[in-house]
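Biologist: I would love a close look at a single part of this model. Please walk me through the nonpolar patch on its surface, and tell me how that part sits within the protein as a whole.

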Amino acid sequence: MTLSLYLVVIIIVAVLVLTLLLAGKGDEGYQNAAKKNTVNLSIIYIVVILISFIAVGVYIKFVN
């Protein structure tokens, strides 16, 4: 179970870093739009991470 949790966290962090790296590339017009997109994606990641932790906690509470 611990290994699975670590793998999920590593994947989430890797995807977040790669998304931020890709958002910084592009032409000048894209740069302005990318800021808004990056903020939106960051909010989505934060919400998904929180929901994932809650789901793991509920799973642990009711399975054990």
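**A closer look at the nonpolar patch**

Modeller: Happily! Let us start from Val 13, which is found in helix α1. Please keep in mind that this is a predicted model. Val 13 has a relative accessible area of 45%, so it counts as partly exposed. Val 13 is also one of the residues that make a nonpolar surface patch of about 590 Å². Its partners there are Leu 5, Val 9, Val 17, Leu 18, Leu 21 and Phe 53. Helix α1, which covers residues 2-23, gives the patch its largest share, with six residues.

Now take another valine, Val 15, which is likewise found in helix α1. Val 15 is partly exposed, because its relative accessible area of 35% lies between the 20% limit for buried and the 50% limit for exposed. If you would like a view across the fold, look from Val 15 to Tyr 45: 30 residues separate the two in sequence, while their C-alpha atoms are 9.4 Å apart in space.

Stepping back to the whole protein, you will find two helices and zero strands. Of its 64 residues, 6% are buried. The protein has an accessible surface of about 5,300 Å², and carbon and sulfur atoms account for 75% of that surface. That is the setting for the patch of about 590 Å² where we began, with Val 13 among its members.

Note on methods:
Residues numbered from 1 in each chain as written. Predicted model: local features only at pLDDT ≥ 70, side-chain atom pairs only at ≥ 80, totals over all residues. Heavy atoms only, no water. Patch = residues over 30% accessible without salt bridge, like charges linked within 9 Å, V, L, I, M, F, W, Y side chains within 5 Å. Areas by Shrake-Rupley, 256 points an atom, 1.4 Å probe, with all protein chains shown as cover. Salt bridge = Lys/Arg side-chain N within 4 Å of Asp/Glu carboxyl O. Helix = DSSP H or I, 4+ residues; strand = E, 2+ residues; numbered from the N terminus. Buried < 20%, exposed > 50% of the residue type's maximum accessible area, 1.4 Å probe, protein only.
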